[in-house]
Amino acid sequence: MTMSELHLKDALDTLKTTGVRITPQRHAILEYLIQSMIHPTADDIYKALCDKFPNMSVATVYNNLRVFREVGLVKELNYGDAASRFDFVTGDHYHMICDGCGKIVDFHYPGLNEVEQFASQVTGFQVNSHRLEVYGTCPDCIAVGATKVQ
Ligand SMILES: [Zn+2]
Ligand SMILES: [Zn+2]
């Protein structure tokens, strides 16, 4: 089994144990989320799958994503006014975001537990999570000369 097949199997198991019905659409959306590395928007997913599911709308995709989010399979990433992007949850990782095209690429780095501890100490908060984004220009955008976006 490949890594993405394993992720898909785990995800389907999670749906089963939480009592969420696995429809062909949900299956396809999950599969797409796991295979695409671009952290798609609901619109991206709709465009990729609408040939296969002519009755599907962007709203259906979004509703299914919300179901996945509620059972903890996907994270919804909000960046200002842009459309939410969806990330299949594969453990902690960080994001490199392109200022040119908005592409998000995962990278792994040892957890920032020291930062959490420090933040907790100086503020008295109990830490629940953290998020780190690094911004830059992706190789594709560099290649087409879109380096001076901001
Ligand atoms: Zn880019
Ligand atoms: Zn990610």
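The exercises below work through a predicted model of one protein, each with a solution in steps.

Residues are numbered from 1 along each chain as its sequence is written, and chains are lettered from A and ligands numbered from 1 in the order in which they are written. Since this is a predicted model, local features need pLDDT of at least 70 and side-chain atom pairs count only at pLDDT 80 or more, whereas totals for chains, interfaces and linings use all residues.

**Exercise 1. The overall layout**

Task: Describe the order of helices and strands in the protein, and state how it is divided into domains.

Solution: Begin with the elements, where helices (H or I, at least four residues) and strands (E, at least two) are DSSP runs numbered from the N terminus. The protein has six helices and five strands, and along the sequence they follow the pattern α-α-α-α-β-β-β-β-α-β-α.

Next, consider the extent of the model: its C-alpha atoms fill a box of roughly 50 × 45 × 35 Å, taken along the principal axes. Domain 1 covers 1-90 and domain 2 covers 92-150, with bounds that come from an automatic or database domain assignment. The centres of domain 1 and domain 2, taken over C-alpha atoms, are separated by 22 Å.

Finally, turn to burial and contacts. A residue is buried if 20 or more other C-beta atoms lie within 10 Å of its own, exposed if 12 or fewer, and partly exposed in between, with C-beta atoms placed from the backbone; by this rule, 14% of the 150 residues count as buried. Two residues are in contact if their C-beta atoms, placed from the backbone, lie within 7 Å, and of the contacts with a separation of 6 or more, 49% are between residues 24 or more positions apart.

**Exercise 2. The first helix**

Task: Check the length of α1 against its expected span, and work out how its buried and exposed residues are arranged.

Solution: The expected span of a helix is 1.5 Å times one less than its number of residues. For the 15 residues of α1 this gives 21 Å, and because its end C-alpha atoms are 21 Å apart, the two values agree.

The buried residues in α1 are H7, A11 and L15. They lie on the same side of α1, because they cover an arc of only 75° around the axis, the arc being that of the directions from the helix axis to the C-beta atoms. The buried residues of α1 pack against α2 and β2, while the face turned away from them carries the exposed residues E5, L6, K9, D13, K16 and T17. After α1 comes G19, whose phi is positive, near 75°.

**Exercise 3. The largest nonpolar core**

Task: Find which elements build the largest nonpolar core, and which residues have the most contacts inside it.

Solution: A nonpolar core is a set of buried Ala, Val, Leu, Ile, Met, Phe, Trp, Tyr and Cys residues joined through C-beta atoms within 7 Å. The largest one here has 15 residues, and those with the most contacts inside it are L33, L65 and V74. Two or more residues each come from α1 (3-17), α2 (24-35), α3 (42-49), α4 (58-70) and β2 (85-88), and the largest share, four residues, comes from α2.

Now take L33 by itself: not counting residues up to four places away in sequence, L33 touches P40, V74, F86 and F88. As background, in soluble globular proteins nonpolar side chains tend to be buried together.

**Exercise 4. Four cysteines from a record**

Task: Determine where the cysteines listed by UniProt lie, and which residues C101 and C138 touch.

Solution: An unreviewed UniProt entry lists C98, C101, C138 and C141 for "binding site"; its positions are given in the numbering used here, feature names are shortened, and annotations may be inferred rather than shown by experiment. These residues are spread over 44 residues of sequence but cluster in space, with a largest C-alpha distance of 8.2 Å.

C101 is in the loop between β3 (94-98) and β4 (104-107), and it counts as partly exposed because it has 14 C-beta neighbours inside 10 Å. C138 lies in the loop between β5 (133-136) and α6 (139-143), and with 18 other C-beta atoms within 10 Å it is partly exposed too.

Leaving aside neighbours within four places in sequence, C101 touches C138, D140 and C141, whereas C138 is in contact with C98, G100, C101 and K103. K103 lies in the loop between β3 and β4, and on the same counting K103 is in contact with I38, C98 and C138.
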